[in-house]
Amino acid sequence: MEQFHETMAGATVTRMLVGPLLTNCYLVQSGTELMLVDPGMVWNRELEEVATVIESANARLRWIVCTHGHFDHISGVDTAMRRFPDATLLMDPREVELARDPIANYAAQMGSMFAMHAEPSPLTTGQELPLGLITYHVATIHGHTPASSVLITGDHAFVGDTLFAGSVGRTPSQKEFEQLLAGIRATLMSLPPATRIFPGHGEPTTIAAEMGANPWL
Ligand SMILES: [Zn+2]
């Protein structure tokens, strides 16, 4: 499993590539607290590797957050919750419906019948997620899925499959595509240009880089 580390203000971000679609699963440490974003682990080996990274951090796993309900962002969630039962699982209620349906969450397309069994607490627009020395602000962007969550703090943001380096998320139709672009413009492109963007797949980027080079924006 490939891992990349970045030091942000008040937090360290570890990016781990998991699953057949190389989903970015992030582990954030701030102070003595940890947050795991998008546990898309599939195979036992990588479930074990991610658990080992968490356990060797010498900090408490406080939050497990799923940005949306697609298979490649949730497939390790039940195993992770069994291994770390004191963590709180957070997902937008509209995404839980997807997560529980192997056709809607695209597991079936990947030859799996995965459906999430864990019971998440609601993640909603305007919510604040404290983690150690920093706090994430939760916002919702519609279009890639009904209610994708993004987590924003001072110098960085986790954006799931809404915005990628040089691209944007896939949508079921033109209507959702317009919603997605409007959401990205209103919620993300208004952030300070230096804001580091951690997407659900591919390399991290910045708002300034996407303003300059993303053909969709
Ligand atoms: Zn997705």
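In the predicted model, alanine 139 has valine 150 of strand 10 as its bridge partner. This pair belongs to the antiparallel pairing of strand 9 with strand 10 (residues 148-153), which extends over five bridges. Threonine 140 is also matched across the two strands, with serine 149 of strand 10 as its bridge partner. The hairpin of strand 9 and strand 10 has six residues between the strands. Within this hairpin, glycine 143 adopts a positive phi near 130 degrees.

Strand 9 (residues 134-141) also pairs with strand 8 (residues 128-131). The two run antiparallel and are joined by four bridges. Leucine 129 has its bridge partner in strand 9, at tyrosine 136. Here the hairpin has two residues between the strands. Glycine 132 in this hairpin takes a positive phi near 55 degrees.

Strand 10 continues the pairing to strand 11 (residues 156-160), in the antiparallel sense and over three bridges. A hairpin of two residues makes the connection. Threonine 153 has histidine 156 of strand 11 as its bridge partner. Leucine 151 is placed opposite phenylalanine 158 in strand 11. Strand 10 is mostly covered, with five of its six residues buried.

These strands are part of an open sheet of six strands. The order is 8-9-10-11-14-15, and the pairing is mixed. Strand 8 and strand 15 (205-206) form the edges, each pairing on one side only. Helix 5 (residues 174-188) packs on the sheet and touches strand 9, strand 10 and strand 11. The direction of helix 5 makes about 155 degrees with that of strand 9.

The nonpolar interior was examined next. In soluble globular proteins, nonpolar side chains tend to be buried together. The largest nonpolar core of this model contains 55 residues. Val28, Leu36 and Val65 have the most contacts inside this core. For valine 65, neighbours within four places in sequence were set aside. The remaining contacts of valine 65 are Met35, Val37, Leu90, Leu123 and Leu151. Leu151, one of these contacts, is the residue that stands opposite phenylalanine 158.

Backbone geometry gave two further sites. Most residues other than glycine have a negative phi. Aspartate 38 departs from this sign, with a positive phi near 60 degrees. Aspartate 38 lies in the loop between strand 4 (33-37) and helix 1 (44-55). Asparagine 58 likewise has a positive phi near 60 degrees. The loop that holds asparagine 58 runs between helix 1 and strand 5 (60-65).

Is each of these two residues buried or exposed? Aspartate 38 is buried, because 30 other C-beta atoms lie within 10 Å, and the cut-off for burial is 20 or more. Asparagine 58 has 8 C-beta neighbours inside 10 Å and so counts as exposed, since the limit for exposure is 12 or fewer.

The database record was also compared with the model. An unreviewed UniProt entry lists residues 22-201 as "domain: Metallo-beta-lactamase". In the model, the end C-alpha atoms of residues 22-201 lie 7 Å apart. Helix makes up 25% of the span and strand 31%.

Key. Residues numbered from 1 in each chain as written. Predicted model: local features only at pLDDT ≥ 70, side-chain atom pairs only at ≥ 80, totals over all residues. Pairing = 2+ DSSP bridges. UniProt positions renumbered as here; feature names shortened; annotations may be inferred. Core = buried A, V, L, I, M, F, W, Y, C linked by C-beta atoms within 7 Å. Contact = placed C-beta atoms within 7 Å. Axes fitted to C-alpha atoms, helices over the stretch in contact; angles between N-to-C directions.
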